[in-house]
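Open the model in your viewer and keep the selection tool at hand. The stops below say what to select next and what is there.

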Amino acid sequence: MTSTIPTTNGSRPAAPTSPGHKPNALQLLRRPVIEVPGTPAVDRPASPQLPDVPAQAVTAPTGLLSPEQSDALAAPLNRANVQTRSQAGRSFNYLEGWVAIREANRIFGFDGWQRETIELRCVAESQRPTGRDQKPGWGVTYIARVRIRLGSQSSGVPTLVREGSGAGHGIDVDLGLAHESALKEAETDAMKRALMTFGNPFGLALYDKQQRQVTSSVREERSPSGRGPVDQAGQPQPVGETRAIRPEVQDLAPAPLPAEAGAVGLVALRPEVIQQLHNSIRGLTRPQLEELVTAFRQRFRLAEGASVAAAITQKQHHDWVEAYLVQVESPIARLD
């Protein structure tokens, strides 16, 4: 006998079953549950309940750079670090390779970044005249690709990777020297292009034609030879090296012990604060400027020849300069 099962769309025949034959799984699924009046309800086993598992808090990955490093990368490029060269009748601004390495050590730490040359190959080599005498020589061109990595893969800390490509040209009467010059230039050029992607201190600001993120250093009067300021007799005189410092300035904001310094003074200054300090320093008289530069070099143990303007990057520098401006009773308003 064939029975029908009412459905919402009509009726469909149920699968026939024979006495003594157990229905299969599909037939059991299709069979309706029929409640017979007066028949006690059958207790069905409750579905097993899984134990409540507390949800694990999802921690968002933290940035690899510290706030101080991010501020340093966003700071304007100091014009004192910029060099100029002429090529094909045009003038170009650039950073030297050693400056880029110095800035990377300063911002990331000596052990905080790695450089890897992942490609270096010669793409051209030909004989050509060299020098003013047009002696027979060689012209060689290399291309390179360099990878900059922040962090350490072995420590399990996330790493930040940037890459850059560059080219180098070597011209010399000696073929070996031409190759050496070309490959070194290519590797340095690729490294600078990779570092440039991190921010202004590595030359990113130079790609802006208006150079709005390039700041001028503290004004210094230069001699005709370009070696430094001049005295009344017209002789070169290094700023801040020969002028005597008044005792009250010598004792100004004495250097704290490392244990007392803490991390507060090492907080990086915002670009607008650095610019404000530069503007204030430019308002000093010539003797005050020389005195400030000399005292600043001694206070912060600045290397000889290093730019004072480029060194003003931290809160401790801001506090010292501000104290000096107040001490000399300058008409410049006190900085916030």
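Helices H3 and H4 cross in a left-handed sense. The model is a predicted one. To see the crossing, select residues 97–108 for H3 and residues 175–196 for H4. Two packed helices are described by the angle between their axes and the distance between the axes. For H3 and H4 the angle is about 40° and the axes are 10 Å apart. H3 therefore counts as oblique to H4, because angles under 35 degrees are the ones that count as roughly parallel.

Now show the side chains at this crossing. On the H3 side, select Gly97, Ala100, Ile101, Ala104 and Phe108. On the H4 side, the residues that make the contact are Thr188, Met191, Lys192 and Leu195. Sorted by type, the residues of the contact between H3 and H4 give 6 nonpolar, 2 polar and 1 charged.

Stay on H4 and select Ala194, which is found in this helix. Is Ala194 buried or exposed? Ala194 has a relative accessible area of 0%, so it is buried; the cut-off for buried is under 20%. What does Ala194 touch, leaving out residues up to four places away in sequence? The list is Val146, Ile148, Arg162, Glu163 and Gly164. Of these, select Val146 and Ile148 and look at strand E7, which covers residues 135–150. Then add Gly166 to the selection: Gly166 and Ala194 are 28 residues apart in sequence, and their C-alpha atoms are 9.4 Å apart in space.

Next, go to the start of E7 and step back into the loop between strand E6 (113–130) and strand E7, where Gln134 is found. Gln134 is not a glycine, yet its phi is positive, at about 55°. Its relative accessibility is 48%, so Gln134 counts as partly exposed.

Compare this with a second glutamine. Select Gln211, in the loop between H4 and strand E9 (214–215). Gln211 has a phi near 50°, again a positive value in a residue other than glycine. Gln211 has a relative accessible area of 16% and is buried, whereas Gln134 is partly exposed.

The next stop is another pair of helices. Select residues 271–282 for H7 and residues 315–327 for H10. The axes of H7 and H10 come within 11 Å and cross at roughly 30°. That angle makes H7 roughly parallel to H10. How are the two helices H7 and H10 handed at their crossing? The crossing is left-handed.

Show the side chains that make the contact here. From H7, select Val273, Leu277, Ser280 and Ile281. From H10, select His318, Val321 and Leu325. The residues of this contact between H7 and H10 fall into 5 nonpolar and 2 polar, with no charged ones.

Finally, clear the selection and view the whole protein. How many helices and strands does the protein have? The secondary structure comes to 10 helices and 9 strands. The protein has 336 residues, of which 31% count as buried. Its exposed area is about 22300 Å², and carbon and sulfur atoms supply 53% of that. Among contacts between residues at least 6 apart in sequence, 62% join residues at least 24 apart.

Methods. Residues are numbered from 1 along each chain as its sequence is written. This is a predicted model: local features need pLDDT of at least 70, side-chain atom pairs count only at pLDDT 80 or more; totals for chains, interfaces and linings use all residues. Side-chain values use heavy atoms; hydrogens and water are left out. Axes are lines fitted to C-alpha atoms, for helices over the stretch in contact, and angles run from 0 to 180 degrees between N-to-C directions. Helices (H or I, at least four residues) and strands (E, at least two) are DSSP runs, numbered from the N terminus. Angles under 35 degrees count as roughly parallel, over 145 as roughly antiparallel, 65 to 115 as roughly perpendicular and the rest as oblique. A crossing is left-handed if the near helix is turned anticlockwise from the far one by less than a right angle, and right-handed if clockwise. Contact means heavy atoms within 4.5 Å. Ala, Val, Leu, Ile, Met, Phe, Trp, Tyr, Cys and Pro count as nonpolar, Asp, Glu, Lys and Arg as charged, and the others, Gly among them, as polar. Buried means under 20% relative accessible area, exposed over 50%, partly exposed in between (1.4 Å probe, protein chains only). Accessible areas come from the Shrake-Rupley method with a 1.4 Å probe; for residues, only the protein chains shown count as cover.
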